[in-house]
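This report covers how several helices pack against one another and what surrounds the main open space between them.

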Amino acid sequence: MSEINRRDFLRGSAMMAGLAVAPGMMLYDLARANQPASSAVRWGMLIDTSQCEEGCDDCVKACNKENGLPGKTGPTDEQWIRKVELKNVKTGRVTSLPMMCQHCAEPPCVDVCPTGASFKRADGIVLVDRHLCIGCRYCMMACPYKARSFVHEPLHDQKPEVPRGKGTVESCTFCVQRIDRGKDITACAEACSKAGHKAILFGNLNDPNSEISKRLKEVASTQLRADLGVDPGLHYEGL
Amino acid sequence: MDALQKGRRDIRNFYFLVGLGLLVVMAGLFAAHYMEEHGHIVTGMSNQVVWGMPHVFAIFLIVSASGVLNVASVGSVFGKTPYKARAPLSGLLSIAMLAGGLTVLMLDLGRPERVIVAATHINPTSVFAWNVFLYSGLVAFVAIYLWTMMEKRMNPLSKAAGLAVFAWRFILTTGTGLIFAFLVARQAYGNAILPPMFIVMSFAWGLAVFMIVQSAMYGWNEMALNPAILTRLKNLLGIFILGVIYLVAIYHLTNIYFAKQTAFEKFILVDGGIYPILFWAGYFLIGSVLPLFLIYSPKMGTQRHVLLASILVVLGSFSFLYVFIIGGQAFPLMIFPGYEVISSTFGDGQIAQYSPSLPEILLGTGGLGIAFLITTVGVRALNFLPKDE
């Protein structure tokens, strides 16, 4: 039996380690998909209304594309994100902003849901479990932001990553399918950046070194209907 | 007419009523099937008016199901003999209306086939989830109560059972009021006066339903109601109607004096189209003032007048619920205080349009049909006719 010298042993070990690590490195994203959401993260957004262009709806289009929504705007159609133009009653100043699920820390929709279908993940994302939703629409009654839509018609051409269901309630998911793949930007924020507006900043509110946390420390921002005490994850600048 | 002929006529009439009830129920079931197949697109409901006509019917039935037990409670808990004779009928009506109301609510769900999920996955913070227990509990308590009244050996327990029903229905109607009272963001709801308002409304509506059914049963048997008992019941109805007016007034005044709710109140009471009309003409005039006149006017107050007053109270209750439930949602949420919405693709800042479709109305009347059918069969099969000594 030949004796293994030190050099061969080290070389062999290094190769073994490389073989072991390489796929792990490549599959980092997939591996993250298997991690449960952690409360070390709270996903949120800072919307800079001064950068949001009137008439631009790139964020809406990107959301519809990402999530396989038809993009119709009738009273019975699903809208996960919408553009709203506002006028200050006293000053007459006009503001444009995107409106969506505010991913509240204390979400009224989760409180009222009889089956627990509406739930908040540890990382602050508020979702609807499509298997538990019975379609009672109590969450839509309770939501202070009109963020939710009810699927009024049979669905066709769904995206496998974004399962939906007739007769259930749905809303913005912060593109959870992206986040769980490790892509830490929502489709709307990405589209807004691409259009050069950079009005939507998405990030981790719990990380003091994240861009969003640093910016929130610097600029004056407000949460919609902060008086209700639901602590939305969306902050609006310039409102 | 001899007894044989009367018996034959009774049977014929009974089957006619059962057939009528079945027809209404079948139409309701067909409507529910149609809604399930096509989705809620075939109703008038939308992403802003998420609860529509089925909820008007269902909440009427559920609130009245609790109120109709008033008659039983006055008999069992407060020991008044004329009411005791009416307690079994009041219990039967309660179960019948609860069954009708819950069926409508269940069949209106986006996924009615998942109703078992609602029974197996309970979110303890949800008022809806509490109501699952409150409704099933009431059926159980009333069934036991009926048993203690109808089975001689169980009679000694009837007072205790009556007391349990009395307490339970207070909690139940509080729960129904809380469904709306705990909605913080909507101008029409989120108001602590709602549970007591619903309780007093249940008294009035339930008693009105009881009077209608009792009149029909007496008419069927060619009997006249003892005038002393009629006076008691009609005075009670009058007091309940006044109580509802009082609480509805307080509800609106609270909203008006909450300075920011004035826009909503103006919409509901003054310039909101169908809603002010239904409120003032439907609820206030036809459903409250006219019945009070029929009850208290010196030349009125006969059995026929009281029956008409009761029917008007029921019509008024539907007007009230339409305004409360649908008008309350049609008015937009105040998401951006201090701002006016110039444009939105999702109806922000705009009054929502709603017109009920035939399927949702049929589903609602189907619920009434279920209550009617259970009552008709129950009254025929068992001895529910109130007998005064």
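Axes here are lines fitted to C-alpha atoms, for helices over the stretch in contact, and angles run from 0 to 180 degrees between N-to-C directions. The model is predicted.

On that basis, the axes of helix H8 (residues 158–181) of chain B and H9(B) cross at roughly 125 degrees and come within 7 Å. H8(B) is therefore oblique to H9(B). Their crossing is right-handed. On the H8(B) side the contact includes Arg169(B), Phe170(B) and Thr173(B), and on the H9(B) side it includes Leu194(B), Pro195(B) and Phe198(B). By class, the residues of this contact are 9 nonpolar, 5 polar and 1 charged.

H9(B) also packs on H13(B), at an angle of about 140 degrees and with the axes 9 Å apart. This makes H9(B) oblique to H13(B). H9(B) passes H13(B) in a left-handed crossing. Among the residues that H9(B) brings to the contact are Leu194(B), Phe198(B), Trp205(B) and Tyr218(B), while H13(B) brings, among others, Gln303(B), Val306(B), Phe320(B) and Phe324(B). The contact of H9(B) with H13(B) has 19 nonpolar and 4 polar residues, and no charged ones.

A third pair is formed by helix H2 (residues 53–67) of chain B and helix H14 (residues 358–381) of chain B, with an angle of about 20 degrees and axes 7 Å apart. Angles under 35 degrees count as roughly parallel, and H2(B) and H14(B) are therefore roughly parallel to each other. Their crossing is right-handed. Met53(B), Pro54(B), Phe57(B), Phe60(B) and Leu61(B) of H2(B) meet residues of H14(B) that include Glu360(B), Gly364(B), Gly367(B) and Ala371(B). This contact of H2(B) with H14(B) has 9 nonpolar, 3 polar and 1 charged residues.

The three pairs are set out below.

| Helix pair | Angle | Axis distance |
|---|---|---|
| H8(B) and H9(B) | roughly 125 degrees | within 7 Å |
| H9(B) and H13(B) | about 140 degrees | 9 Å |
| H2(B) and H14(B) | about 20 degrees | 7 Å |

The largest pocket holds about 920 Å³ of space. Its lining has 34 residues, and Val213(B), Ala216(B), Phe372(B), Thr375(B) and Thr376(B) lie nearest its centre. Helices H1 (3–38), H2, H5 (87–108), H9 (194–220), H13 (303–330) and H14 of chain B each give two or more residues to this lining. H14(B) supplies the largest share, 9 residues. Sorted by class, the lining of the largest pocket has 25 nonpolar, 7 polar and 2 charged residues.

Terms used. Residues are numbered from 1 along each chain as its sequence is written. Chains are lettered from A and ligands numbered from 1 in the order in which they are written. This is a predicted model: local features need pLDDT of at least 70, side-chain atom pairs count only at pLDDT 80 or more; totals for chains, interfaces and linings use all residues. Side-chain values use heavy atoms; hydrogens and water are left out. Helices (H or I, at least four residues) and strands (E, at least two) are DSSP runs, numbered from the N terminus. Angles under 35 degrees count as roughly parallel, over 145 as roughly antiparallel, 65 to 115 as roughly perpendicular and the rest as oblique. A crossing is left-handed if the near helix is turned anticlockwise from the far one by less than a right angle, and right-handed if clockwise. Contact means heavy atoms within 4.5 Å. Ala, Val, Leu, Ile, Met, Phe, Trp, Tyr, Cys and Pro count as nonpolar, Asp, Glu, Lys and Arg as charged, and the others, Gly among them, as polar. On a 1 Å grid over the protein atoms alone, a cavity is a set of points where a 1.4 Å probe fits but cannot get out, and a pocket is an open set with protein on both sides within 12 Å along at least five of seven lines; lining residues have an atom within 4 Å of a point. Grid points are joined across faces, edges and corners, and a volume is the space filled by probe spheres set on the points.
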